[in-house]
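Below is a brief report on one protein chain. The sequence and the structure come next, followed by a reading of the core, the strands and the aromatic rings.

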Amino acid sequence: MFRTARSIAAFLALATWAVPALSQEDDALLLVAHPSLREADYRQTVLIAAPAPNGGHVGVILNRSTRRPLASLFPQHEPSRKVVDPVYYGGPFSPGALVALVKTEATPGNGAVSLTKTLHMAFRANVIDQIIEATPNQARYFVGYVGWRPGELKGELDRGLWSVLNVDPEMVFRKDTDGLWEELLQQTRRIRAKTGTDHDVAAAGKSWSVPDVQAAALAGALSNVIPPR
C-alpha cells in the first residue's frame, strides 16, 4: 500500500487508470489506523476496504474531506451541483480519478462492484454520471483510492498497523467525519480490553478525471486534509 511521498500537486496529476476488479462474495472491512502508523497518506485514517480476486484489496479513506463541492471540480457539469456532500480524498492510487461509494441495495451498473449488500463502489464514468443525475446524494465521491497487493494487507494487520471493525453503512456516510478516527480508535481499545487481547486486529472502462484547471485548487484543499507530522 505505502508509496514514496509525493507532492500534493502530484496527487492530482491525471493518470491512465485501470479499474480494479473486486470479489463479489466477501464483505468489506473497516480499518482504523494505529497511532504508530505515520505514513502521511494514512495517518489517523479510517478506511473501507474489500478483497480483490487476485488476493489483494482495494478501498477508500473515509475521513479526509477536501471541503470542496463536486461542482467546483466540474463546473461545466450541471448535475454535479445537486451533490450536497464535499468531495473526499480517497487515497494516492489513480489520484486524478473520481470514485463513487454508493448506498443502494441494487448494483448501480456495469463497472460498479459490491462491498457489502448495500454498499457499492463505482469507477466507470458512465455509471458515475448516472448516479449523479439520478441519485446524487445516495453516494459519496472520492478522488483516488487505496490498493494493496496480494498478502500486503494481511502483513500490515499482522504488524498491528490497523484495527478491524465491522462496516456500518450509516457511519460510512455520516456527515461529519471530524473526530471519526479518535472515536473508532477508542472503540477498538474497548473491544481489546473486553476480550483481553492487546493486538490491534479485531471491471475496466473510462473513468471520471479531475480537469487540469481544477487540480491546483483541489491540491490546496488536500494540503489541509492530511494531518501534520
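Is Trp162 buried or exposed, and what is its relative accessible area? Trp162 is buried, with a relative accessible area of 0%. Note that this is a predicted model.

**Nonpolar cores**

Trp162 also ranks among the residues with the most contacts inside the largest nonpolar core. That core has 44 residues. The others with the most contacts inside it are Leu31, Ile48, Val60, Leu62, Leu101 and Val172. Strand β2 (residues 46–51) gives the largest share of this core, five residues. A second, separate core has 17 residues, including Phe74, Val83, Ala100 and Val143.

**Strand β2 and its neighbours**

Strand β2 is mostly covered, with six of its six residues buried. The cover is on both faces. Val46, Ile48 and Ala50 are buried on one side. Leu47, Ala49 and Pro51 are buried on the other.

β2 has antiparallel partners. Four bridges join β1 to β2, and here Val32 has Val46 as its bridge partner. Five bridges join β2 to β3, where Ile48 is partnered by Val60.

Which residues does Ile48 touch, leaving aside those up to four places away in sequence? The list holds Ala28, Leu29, Val58, Gly59, Val60, Leu62, Leu101, Leu115, Leu119, Val167 and Val172. Val60 is thus both a contact of Ile48 and its bridge partner in β3.

**Strand β9**

Why is strand β9 (residues 139–148) described as largely enclosed by the rest of the structure? Ten of its ten residues are buried, so the rest of the structure largely encloses it. The strand pairs with β3, β5 and β6, as tabulated here.

| Strand paired with β9 | Sense | Bridges | Residue and its partner in β9 |
|---|---|---|---|
| β3 (residues 57–61) | antiparallel | three | His57 and Trp148 |
| β5 (residues 86–89) | parallel | two | Tyr88 and Phe142 |
| β6 (residues 93–103) | antiparallel | six | Phe93 and Tyr145 |

Pro92 sits in the loop between β5 and β6. Its relative accessible area is 2%, so Pro92 counts as buried. In sequence, Pro92 and Val146 are 54 residues apart. In space, their C-alpha atoms are 6.4 Å apart.

**Aromatic rings**

How many aromatic pairs are there? The count comes to four. A pair of aromatic rings is described by the distance of the centres and the angle of the planes.

Take Tyr42 and Trp162. Their ring centres are 6.5 Å apart and their planes stand at 80°, so the pair is edge-to-face. The pair links distant parts of the chain, 120 residues apart. Tyr42 belongs to the loop between β1 and β2, and Trp162 to strand β10 (residues 162–165). Tyr42 is buried at 1% relative accessibility, and Trp162 is buried at 0%.

Tyr88 and Phe142 have ring centres 5.9 Å apart and planes at 50°, so this pair is tilted. Tyr88 lies in strand β5 and Phe142 in strand β9, so the pair ties together parts that are 54 residues apart in sequence. Both residues are buried. They also stand opposite each other in the pairing of β5 with β9.

Ring pairs also link Phe93, Phe123 and Tyr145 into a cluster. Within this group, Phe93 stands opposite Tyr145 in β9.

**Helix α3**

Helix α3 spans residues 125–134. Which of its residues are buried? They are Ala125, Val127, Ile128, Ile131 and Ile132. These cover an arc of only 165° around the axis, which puts them on the same side of α3. An α-helix has 3.6 residues a turn, so residues three or four places apart point the same way.

**Positive phi values**

Gln44 is not a glycine, yet its phi is positive, about 55°. Gln44 is found in the loop between β1 (29–33) and β2. With a relative accessible area of 29%, Gln44 is partly exposed.

Arg67 likewise has a positive phi, near 70°, and is a residue other than glycine. Arg67 is in strand β4 (residues 65–69). Its relative accessible area is 57%, so Arg67 is exposed.

Conventions:
Residues are numbered from 1 along each chain as its sequence is written. This is a predicted model: local features need pLDDT of at least 70, side-chain atom pairs count only at pLDDT 80 or more; totals for chains, interfaces and linings use all residues. Side-chain values use heavy atoms; hydrogens and water are left out. A nonpolar core is a set of buried Ala, Val, Leu, Ile, Met, Phe, Trp, Tyr and Cys residues joined through side-chain atoms within 4.5 Å. Buried means under 20% relative accessible area, exposed over 50%, partly exposed in between (1.4 Å probe, protein chains only). Contact means heavy atoms within 4.5 Å. Two strands pair if DSSP finds at least two bridges between them. Rings of Phe, Tyr and Trp (its six-membered ring) pair if their centres lie within 6.5 Å; planes under 30 degrees apart count as stacked, over 60 as edge-to-face and the rest as tilted. The arc is that of the directions from the helix axis to the C-beta atoms.
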